[in-house]
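Work through the exercises below with the sequence and the model at hand. Each task is followed by a solution in steps.

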Amino acid sequence: MTRQILWKKIVIMNKIILTNNKSTVTINKNSTNTIIYQNSKRLLLNVEKNITTNIIIITNNELHKVNNTINIKENSNVCFKIFYNNKQTIDNTTINLLEKLSTINYHLSAISHINSNITININHLSHNTKSNIINNVVNLANATTNIIINSYLPVNTNNCYLNQKSVIITNKRSTNSIKPNMYINNNQVTAKHGSVIAPINNNQLLYLMSKSLSKEESIRLIINGILLSHLQLPDKQKQKIQDTIIKCCFNNKLQI
């Protein structure tokens, strides 16, 4: 008689609930996925040396106003996966790559209901540091979104990698802006950025509709791709966001 062994993928999930006006969190061990429920206005996140961690933040608030600081030490790799579904968002985040071989992958996706103002500052304070900042926002109706990214690289900080990429999907009736600023005082660097403010790509829409999908199904696929492609979330969190996209974008008659 043969015994069949079935292997099941196990996702380890840590949860941190922040309720104080100012909260400090220190990460000193590797973690697969840590979900932070942030109701605090200020978060100071310290990541110790030689750490690999994924941080997930998902919010659904009337007003989400935060000032966050992330400090990353030597040879640590931090991946932030953020999804905002707020009426109004004011997010000021500062990322300090304090020591060599520190890396931040910062992936923010959002549905903007009224207005979103997002400012991200990245300080490359040591050699061989990397920052990869990706923002994807879908505006509802006449919502507005303003994104400012400031990457700083001082003199004598060598062999760093800086990447910024931001997309705002919107209709033609709202005013939006993306400011991809790079303040670089060193030529030993790889730096690139890209910015797009536009409606849904009409060619993509027509292509999907030519495959017998309805217009609504086609738009849903495109928006799912825009908001979820970089997040790579566990199935439970991914499904919640997909449900949110249907509720916000289609029940409320997305106008793009």
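**Exercise 1: two residues with positive phi**

Leu-101 is found in the loop between strand E7 (77-97) and strand E8 (103-124); helices (H or I, at least four residues) and strands (E, at least two) are DSSP runs, numbered from the N terminus. The model is predicted, so local features need pLDDT of at least 70 and side-chain atom pairs count only at pLDDT 80 or more, while totals for chains, interfaces and linings use all residues. Residues are numbered from 1 along each chain as its sequence is written, and side-chain values use heavy atoms, with hydrogens and water left out.

Task: Find the phi of Leu-101 and of Gln-232, and the exposure class of Leu-101 and of Gln-232.

Solution.
- Step 1. Most residues other than glycine have a negative phi.
- Step 2. Leu-101 has a positive phi, near 65°. Its relative accessible area of 42% makes Leu-101 partly exposed (buried means under 20% relative accessible area, exposed over 50%, partly exposed in between, with a 1.4 Å probe and protein chains only).
- Step 3. Gln-232, also not a glycine, has a positive phi of about 50°. Gln-232 sits in the loop between H2 and helix H3 (235-250) and counts as exposed at 63% relative accessibility.

**Exercise 2: helix H2 and its partners**

Task: Describe how H2 crosses H1 and how H2 crosses H3.

Solution.
- Step 1. Two packed helices are described by the angle between their axes and the distance between the axes. Axes are lines fitted to C-alpha atoms, for helices over the stretch in contact, and angles run from 0 to 180 degrees between N-to-C directions.
- Step 2. The axes of H1 (residues 202-209) and H2 (residues 215-228) cross at roughly 125° and come within 9 Å. H1 is therefore oblique to H2 (under 35 degrees is roughly parallel, over 145 roughly antiparallel, 65 to 115 roughly perpendicular and the rest oblique).
- Step 3. On the H1 side, Gln-204, Leu-205, Leu-208 and Met-209 meet Lys-215, Ser-218, Ile-219, Leu-221 and Ile-222 of H2, contact meaning heavy atoms within 4.5 Å. By class, the H1 contact with H2 has six nonpolar, two polar and one charged residues (Ala, Val, Leu, Ile, Met, Phe, Trp, Tyr, Cys and Pro count as nonpolar, Asp, Glu, Lys and Arg as charged, and the others, Gly among them, as polar).
- Step 4. For H2 and H3, the axes come within 11 Å and cross at roughly 130°, so H2 and H3 are oblique to each other. Residues making the contact include Ile-219, Ile-223 and Leu-227 of H2 and Ile-241, Ile-245 and Phe-250 of H3. The contact of H2 with H3 divides into nine nonpolar, two polar and three charged residues.

**Exercise 3: the surroundings of Asn-136**

Task: Is Asn-136 buried or exposed, and which residues is Asn-136 in contact with, leaving aside neighbours within four places in sequence?

Solution.
- Step 1. Asn-136 lies in strand E9 (residues 130-139) and is buried, with a relative accessible area of 7%.
- Step 2. Beyond those neighbours, Asn-136 is in contact with Leu-108, Ser-109, Ala-110, Val-167, Ile-226, Leu-227 and His-230.
- Step 3. Asn-136 and Ser-166 are 30 residues apart in sequence, and their C-alpha atoms are 5.9 Å apart in space.
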